[in-house]
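Please open the model in your viewer and keep the selection panel at hand. We will go from stop to stop, choosing what to select each time.

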Protein chains: 6
Amino acid sequence: MDHPTPRSSFRSPRFAQPPTFMRLPHREDLTGVDVAIVGVPYDGGTSYRVGSRHGPREIRSQSSLIRTYSYFQKVAPFDRLTVVDAGDLDVPPVGSIEQAYAAIEAGIARILAAGATPMAVGGDHSISLPILRAVTRAHGPVGLVQFDSHIDTWPEYFGGKYFHGSPFYWAVEEGLVDPARFVQVGIRGPGYGDDDFDFHRRRGMTVVLIDQVKAEGVDRTIEAVRRVLDGPTYVSFDIDAVDPAFAPGTGTPEVGGLTSHEAQRLVRGLGGLPIVGCDLVEVSPQYDGPGQITALLAANLLFEMLCVIARGRG
Amino acid sequence: MDHPTPRSSFRSPRFAQPPTFMRLPHREDLTGVDVAIVGVPYDGGTSYRVGSRHGPREIRSQSSLIRTYSYFQKVAPFDRLTVVDAGDLDVPPVGSIEQAYAAIEAGIARILAAGATPMAVGGDHSISLPILRAVTRAHGPVGLVQFDSHIDTWPEYFGGKYFHGSPFYWAVEEGLVDPARFVQVGIRGPGYGDDDFDFHRRRGMTVVLIDQVKAEGVDRTIEAVRRVLDGPTYVSFDIDAVDPAFAPGTGTPEVGGLTSHEAQRLVRGLGGLPIVGCDLVEVSPQYDGPGQITALLAANLLFEMLCVIARGRG
Amino acid sequence: MDHPTPRSSFRSPRFAQPPTFMRLPHREDLTGVDVAIVGVPYDGGTSYRVGSRHGPREIRSQSSLIRTYSYFQKVAPFDRLTVVDAGDLDVPPVGSIEQAYAAIEAGIARILAAGATPMAVGGDHSISLPILRAVTRAHGPVGLVQFDSHIDTWPEYFGGKYFHGSPFYWAVEEGLVDPARFVQVGIRGPGYGDDDFDFHRRRGMTVVLIDQVKAEGVDRTIEAVRRVLDGPTYVSFDIDAVDPAFAPGTGTPEVGGLTSHEAQRLVRGLGGLPIVGCDLVEVSPQYDGPGQITALLAANLLFEMLCVIARGRG
Amino acid sequence: MDHPTPRSSFRSPRFAQPPTFMRLPHREDLTGVDVAIVGVPYDGGTSYRVGSRHGPREIRSQSSLIRTYSYFQKVAPFDRLTVVDAGDLDVPPVGSIEQAYAAIEAGIARILAAGATPMAVGGDHSISLPILRAVTRAHGPVGLVQFDSHIDTWPEYFGGKYFHGSPFYWAVEEGLVDPARFVQVGIRGPGYGDDDFDFHRRRGMTVVLIDQVKAEGVDRTIEAVRRVLDGPTYVSFDIDAVDPAFAPGTGTPEVGGLTSHEAQRLVRGLGGLPIVGCDLVEVSPQYDGPGQITALLAANLLFEMLCVIARGRG
Amino acid sequence: MDHPTPRSSFRSPRFAQPPTFMRLPHREDLTGVDVAIVGVPYDGGTSYRVGSRHGPREIRSQSSLIRTYSYFQKVAPFDRLTVVDAGDLDVPPVGSIEQAYAAIEAGIARILAAGATPMAVGGDHSISLPILRAVTRAHGPVGLVQFDSHIDTWPEYFGGKYFHGSPFYWAVEEGLVDPARFVQVGIRGPGYGDDDFDFHRRRGMTVVLIDQVKAEGVDRTIEAVRRVLDGPTYVSFDIDAVDPAFAPGTGTPEVGGLTSHEAQRLVRGLGGLPIVGCDLVEVSPQYDGPGQITALLAANLLFEMLCVIARGRG
Amino acid sequence: MDHPTPRSSFRSPRFAQPPTFMRLPHREDLTGVDVAIVGVPYDGGTSYRVGSRHGPREIRSQSSLIRTYSYFQKVAPFDRLTVVDAGDLDVPPVGSIEQAYAAIEAGIARILAAGATPMAVGGDHSISLPILRAVTRAHGPVGLVQFDSHIDTWPEYFGGKYFHGSPFYWAVEEGLVDPARFVQVGIRGPGYGDDDFDFHRRRGMTVVLIDQVKAEGVDRTIEAVRRVLDGPTYVSFDIDAVDPAFAPGTGTPEVGGLTSHEAQRLVRGLGGLPIVGCDLVEVSPQYDGPGQITALLAANLLFEMLCVIARGRG
């Protein structure tokens with residue numbers, strides 16, 4: 001297979017052509033692909049403001065501004081890696097969440113089977129569980145860094161096991177994630193009590209509250225995160241880790257969060273880790289303004305993650 | 001129970017107080033209530049743009065402009081009827097649609113058991129099926145007028161029976177609606193083929209396409225509708241029957257639809273019929289502009305329907 | 001004084017320069033002026049959604065699209081008339097409405113004293129009363145055509161006499177308007193009872209409900225209106241006479257109203273009448289969408305009115 | 001080549017996948033294609049509010065709702081015709097308009113050379129001129145129906161010949177359009193004088209003002225249009241022919257226009273004519289609301305046009 | 001009276017039910033209530049962009065996301081305190097500001113008479129004066145911390161004493177606030193001259209400019225604030241203390257302000273003080289984007305304040 | 001000539017009157033003027049989202065909040081300087097960019113010839129080149145500080161020399177700017193490679209990347225900037241130097257940028273330098289939210305710059 005690269009903005013204007021992730025070709029055949037950026041437009045696990053099913057399309061649109069080189073990571077990811085827009089997984093939007101999970105797991109498994117690393121674009125946070133199921137089947141239990149304002153380790157909701165607040169409870173319970181290598185960053189918001197963290201204590205997970213990030217700074221937070229991570233690592237970025245000023249387009253926003261610059265630097269800080277998959281979730285374009293700055297930030301964080309993966313492949 | 005009436009706008013400004021439907025009291029006890037306006041904030045049956053779970057709240061807000069008398073129906077519904085805001089049904093937003101259906105049917109049954117007529121505010125159109133199940137259990141098979149741009153008689157979607165495109169297929173199949181007394185008004189939009197109407201022909205349902213409404217006018221359309229209706233009647237109003245210029249805040253808009261004035265007059269034309277229940281569905285405030293004219297129209301159509309019910313109770 | 005004309009769009013782009021009404025010069029000296037378009041940015045009489053204080057500025061912006069000739073009235077108003085943007089009246093935004101009324105009346109009186117016809121751009125409908133006070137002092141009691149969805153003849157609100165729902169009660173009571181030459185067009189909306197019109201019946205005013213306009217058409221409505229009007233006439237156009245689809249940017253919208261084309265044709269139908277003043281009120285840009293179609297319609301209706309005045313000056 | 005059809009919404013949700021026109025495949029190879037829907041994202045000819053360069057992408061998104069059969073034209077265009085999304089022409093967004101014209105003409109010529117009929121999606125109205133140059137080179141002078149609120153027959157602007165107000169002056173002057181077979185429908189708006197139509201009179205073109213459409217109705221307007229058209233015909237639809245209530249997302253809106261239903265029926269009325277090309281222009285998504293009803297209407301009008309072409313190919 | 005708590009989001013979805021502050025019951029009977037959250041939807045004191053009359057409703061809606069425990073203040077306020085949504089004060093929206101002040105003072109006095117602490121949700125900043133009058137009558141002169149970008153100590157406006165720029169001038173002049181215990185935090189914006197602070201110097205008030213906060217950090221700012229405060233304290237939070245990026249939905253925004261995290265931490269820093277009342281003002285939802293992040297921030301700051309009150313009650 | 005000052009907001013409400021920059025008089029005669037604020041509404045050099053042609057009008061509107069004294073620079077610029085709104089340059093919006101450049105250069109030259117310092121309000125960044133041509137003809141080669149996220153030193157685009165990404169390449173090549181006195185601040189964003197900076201290295205320009213600003217702080221950044229600047233200095237502020245959270249209304253936003261407070265302090269840090277001209281560019285109101293915080297920030301940065309100029313004039 002040829003080596004696809006983003007369409008040049010000096011030959012085709014950035015606003016032109018059907019939008020794909022980072023102006024890459026849309027390819028369903030993944031032979032020879034290193035990284036497959038894939039949309040998972042499912043929001044059936046959402047407990048509050050819904051709409052992240054429209055996240056992949058808007059992130060595609062805004063990713064038209066992404067270029068090819070990071071001044072800060074000093075890497076040109078499309079040179080080192082073969083990257084494509086693998087389209088969206090056709091997840092049933094209606095019916096039971098279990099059906100959706102089956103479709104997601106199968107779709108990610110297909111990407112992994114082709115030898116590609118999946119970079120999943122949600123959709124709500126419930127999608128992380130079936131993705132982790134597929135990733136773990138290929139790689140064994142993973143380390144996990146979750147950027148988020150919420151812990152998402154509730155065991156149930158309205159009598160069911162699965163919704164966007166429970167994926168990491170089940171990921172730990174199912175043995176997909178090694179809790180000793182699991183760190184959550186940016187947690188905040190009013191909660192329900194100090195026992196919200198009982199699960200974390202019992203299983204030995206690490207939590208970095210937002211006040212710790214703000215007080216100690218990004219560099220020391222990165223150190224804390226990297227102390228936990230080891231071996232094959234999955235990255236899950238819930239856009240609501242970022243403050244609503246920088247990321248208003250999301251369903252369950254929490255004030256007092258990361259700035260966009262802090263978010264970029266935290267992702268960059270993962271450089272060199274062996275990333276086996278990642279997701280970016282909870283972008284709901286309906287709640288953004290006309291500038292669509294949330295989808296733009298999401299596209300940039302995906303680019304930073306791509307650079308991290310490229311550095312890890314040295 | 002006292003006779004509740006809308007809070008007076010000459011003593012409490014229209015923009016003040018927690019919003020309830022038509023500034024009526026929010027009451028969970030339905031003893032002595034004639035009409036219960038109840039929110040059904042469920043959009044788990046939505047195949048395209050989601051968000052009608054937020055319909056009831058926005059319609060409550062916009063209904064603050066509703067007053068107490070219709071110049072055109074010449075009736076003061078709150079004088080004749082005891083009407084309350086019965087709150088929302090607590091439908092699980094996540095999980096299977098069957099669970100949601102059970103909760104909706106039970107909630108409506110509770111209203112009917114109290115002797116009240118349910119006026120349901122969606123939510124997406126999938127809610128009509130469990131409402132009809134409850135209504136029919138109380139009243140037997142009903143006549144039905146459906147204002148809509150879509151037929152919503154598809155039998156399945158992604159392997160399941162229920163979504164917002166199938167409620168009336170199953171309502172007929174389950175014997176909830178008498179197809180001879182079932183009329184759809186405003187149908188249009190690109191479809192899939194002339195066989196879209198095979199079900200209608202086979203079951204003897206009546207369809208009034210939008211071009212027929214536009215060509216013959218509202219008065220003759222009302223005549224055509226009333227020729228079909230007879231006996232206990234349910235009214236289902238999908239806001240996308242109206243043109244997107246007048247009702248942009250909806251998930252599956254179809255251009256070339258009713259004007260707001262036509263919609264008002266069509267509803268008024270039902271005056272005198274024995275209405276046993278009704279719904280207004282598919283208002284998605286995220287897709288409306290800052291004026292929220294869709295929710296305002298919805299509030300007005302609910303008021304017109306209330307007048308129709310009042311006239312039917314003479 | 002020279003004869004000012006709109007800045008040419010072939011020499012200065014329409015989007016350029018500080019916006020003035022119809023790209024006319026902003027002049028405070030009214031010597032020799034025939035028509036003074038003047039902003040009255042006061043919304044202290046508003047009972048619901050506020051914000052029409054920002055109407056004049058947005059209407060100025062959108063009026064940049066207005067050109068110089070009407071294909072339908074066949075008149076070039078800026079040739080026949082000397083027209084300027086007279087700026088805004090500096091009405092106190094805070095304090096009592098009586099203070100605001102004094103400032104408005106004085107400002108309009110100054111325009112009339114210069115021999116110019118005032119074309120007032122609101123602001124909410126409460127401004128019509130002090131304008132009529134000034135106009136009547138110059139011209140005696142006037143005939144009045146009010147395009148509106150509301151009657152605005154309530155005598156009081158929260159213990160005071162003046163708000164945007166009362167100007168025409170007081171205009172009649174103060175003898176400013178001759179009720180026999182007073183006609184309201186487009187009235188609708190849920191009201192409070194049939195006795196809403198007791199005042200009209202008692203004083204001999206004419207009401208044309210929206211259903212009459214829709215049933216009989218514009219031409220016959222114009223005939224009905226002109227049968228009433230006679231002698232010096234004032235025109236008050238509340239933008240909420242128009243349906244919210246065409247005019248969402250207003251504070252008290254009522255569905256089921258005029259189309260923009262009907263509104264234009266109704267104004268054109270006044271051609272030849274001796275207009276002594278007019279206003280266009282209740283444009284609230286915050287409730288419009290990004291296209292600002294309400295302010296654009298307002299600008300067009302002002303242009304039509306200008307053509308009507310020009311024809312009346314033959 | 002296989003026969004491409006829109007992606008099925010029962011296997012892939014409508015909101016999923018990179019958006020293409022009507023969910024058709026994006027193909028650059030046009031062998032065997034009957035109709036090529038092609039974006040022309042150029043707005044360098046715009047004199048007022050700019051932004052139609054973003055039209056093709058938004059119309060692609062909204063066209064996800066288009067299905068495969070017209071109830072009113074009774075045709076399934078994707079069965080009869082091989083239709084693809086041909087991507088966008090890569091027109092230089094900056095530089096001189098002459099450069100842009102060269103790129104557009106070449107791109108359309110390439111489509112025609114492949115034997116396909118071009119359906120161009122603008123972009124501003126200036127693109128019609130280079131498209132007509134290419135079409136005429138293939139088919140000779142064409143008949144033309146232009147739906148528009150503006151005449152667009154000005155000969156110059158700021159010292160240059162080309163902008164979105166001049167394409168049809170030059171199309172006539174260059175002999176691309178036969179003025180005897182050229183009809184403009186929907187013209188209105190304040191203009192500059194009765195001599196705006198001197199060019200039309202001199203060259204024998206036909207103008208149908210909006211008041212004529214409204215007074216006589218759609219059927220008689222279609223008759224008038226078809227009396228003029230004869231032989232190979234080009235259709236140019238400026239979305240501002242439609243009223244801003246139905247199409248707010250445009251750069252030079254004119255109030256008092258067509259309804260969406262009138263627009264649909266006018267296009268349908270062209271059925272059977274030998275269409276050699278068409279365009280739909282001036283959709284500017286920035287000026288639309290969150291429901292993007294303008295792009296949705298545009299997608300529907302393109303579908304109606306496709307049905308017209310299919311009927312013409314019998 | 002029972003002990004009301006927020007409706008559980010595991011039994012009733014967060015988006016469901018008529019919105020009340022923090023999903024608490026709406027109660028007019030305040031017997032046994034510790035804290036009454038009350039809307040004061042009055043914006044008649046606004047000198048620029050108006051609309052904060054709609055603040056209470058939108059803050060109610062967005063407060064649906066508030067949960068029950070603060071990770072950072074380590075307190076569960078609804079356990080310690082009996083808190084209700086006391087509805088809105090029915091302040092006349094039209095007429096003189098003195099009438100409005102009388103209604104506000106009476107309403108707050110009623111809350112205080114029931115033994116509850118008022119937490120007022122504006123409305124514009126002019127409401128602080130009548131609230132302070134009522135609070136002071138119950139508690140004597142208070143200490144006051146005002147988070148704001150503006151000093152709001154102008155003595156008059158357009159010939160009147162009261163508007164949203166004067167409440168603290170009159171609060172000091174009337175002896176409601178002890179100037180030695182009065183501190184303003186976050187002041188900035190272009191002003192009128194160094195003599196803007198003459199009043200502060202003369203009366204011995206403390207001002208912390210924004211540059212001081214940014215240079216010294218939140219912890220040292222809290223120290224400076226607490227050095228001033230002593231005894232019964234009132235907290236007034238004008239949302240425009242926060243930067244427009246985090247709080248765009250306000251009428252008189254000033255760039256260069258607090259971040260949301262700084263605002264949260266500043267409020268938390270008041271823990272332990274004897275709070276006798278508080279307000280949060282100037283949220284104007286019309287100027288926010290679709291995510292309504294300003295109202296969300298306001299709801300969070302109210303929650304932080306509630307935690308502060310709970311800690312003060314030990 | 002008299003000494004014009006901003007219209008007093010205590011005599012004329014801030015929202016009233018046709019908007020001009022900082023409520024200054026609009027004057028075309030520049031005799032005796034020290035600083036001319038002039039709109040340059042040209043966006044024909046824009047490669048992505050277009051619309052900055054509407055920047056000057058919106059910045060005028062939002063500048064109504066600007067007052068007369070800086071608490072932080074301790075200067076009252078309208079006392080020291082004679083400042084006016086000089087209107088907009090009538091730049092042809094259509095045609096070649098060379099024509100636009102000629103119009104801009106001539107317009108700025110006229111201002112300089114009158115002895116006034118031009119403060120240009122764009123428009124896109126392409127306008128800086130013709131402004132610098134005019135400024136340099138008057139003052140010789142200048143030092144330049146460019147606040148920006150992009151370097152804007154590309155030599156060509158789609159075969160032409162001029163667009164909003166090339167002005168500073170040509171400014172250096174044409175000898176307008178002394179590269180040794182040229183510093184760019186805030187640079188970031190994905191780029192194309194490390195050789196993006198080859199031009200800077202070859203010509204000896206200084207680049208301060210955003211990470212340097214964030215790591216070292218504003219004070220040390222100012223020191224670095226001032227070390228470079230010397231002699232007559234031009235300031236170019238591209239609003240996209242600021243993070244999209246604070247400035248969403250722009251065409252090519254880059255996440256991870258300056259806060260509004262950092263931007264203000266950086267501009268203030270230029271105090272005392274001999275400023276010979278400045279521009280603020282790339283504000284596109286269509287991409288801002290209803291609060292228009294980008295235009296508000298722009299107005300504030302212009303005010304800070306005015307204070308800087310005033311301080312430089314002692």
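The tour below visits chain contacts, a helix and a pair of strands.

This is a predicted model, in which local features need pLDDT of at least 70, side-chain atom pairs count only at pLDDT 80 or more, and totals for chains, interfaces and linings use all residues. Residues are numbered from 1 along each chain as its sequence is written, while chains are lettered from A and ligands numbered from 1 in the order in which they are written.

**Stop 1: chains C and D**

Select chains C and D together. Their contact takes 26 residues from chain D and 26 residues from chain C, where two residues are in contact if their C-beta atoms, placed from the backbone, lie within 7 Å. On the side of chain D that touches chain C you will find 12 nonpolar, eight polar and six charged residues; here Ala, Val, Leu, Ile, Met, Phe, Trp, Tyr, Cys and Pro count as nonpolar, Asp, Glu, Lys and Arg as charged, and the others, Gly among them, as polar.

Now superpose chain D on chain C: a rotation of 120° does it, with 0.0 Å of shift along its axis and an RMSD of 0.0 Å. The fit is by least squares on the C-alpha atoms of residues with pLDDT of at least 70 in both copies. Only 8% of the interface residues of chain D are also interface residues in chain C, so the copies meet through different surfaces.

**Stop 2: chains A and F**

Next, select chains A and F. Chain F gives 26 residues to the contact and chain A gives 26 residues. Chain F is superposed on chain A by a rotation of 120° with 0.0 Å of shift along its axis (RMSD 0.0 Å). That is the relation of a three-fold axis.

**Stop 3: helix α8 of chain D**

Select residues 218-228 of chain D, helix α8 (helices are DSSP runs of H or I, at least four residues; strands are runs of E, at least two; both are numbered from the N terminus). Which residues of this helix are buried? They are V218(D), T221(D) and V225(D), a residue being buried if 20 or more other C-beta atoms lie within 10 Å of its own, exposed if 12 or fewer, and partly exposed in between, with C-beta atoms placed from the backbone. Look down the axis of α8(D): the buried residues fall within an arc of 60°, so they line one face of the helix. The arc is that of the directions from the helix axis to the C-beta atoms.

Turn to the face away from the buried side to see the exposed D219(D), E223(D) and R227(D). To show what covers the buried residues, add elements of chain D including β5 (177-187) and α9 (260-268).

**Stop 4: strands of chain C**

Finally, select residues 83-88 of chain C, strand β2, where six of its six residues are buried. Add β1 (residues 35-40), which pairs with β2(C) in the parallel sense over four bridges; strands pair if DSSP finds at least two bridges between them. Pick out I37(C), whose bridge partner in β2(C) is D85(C).
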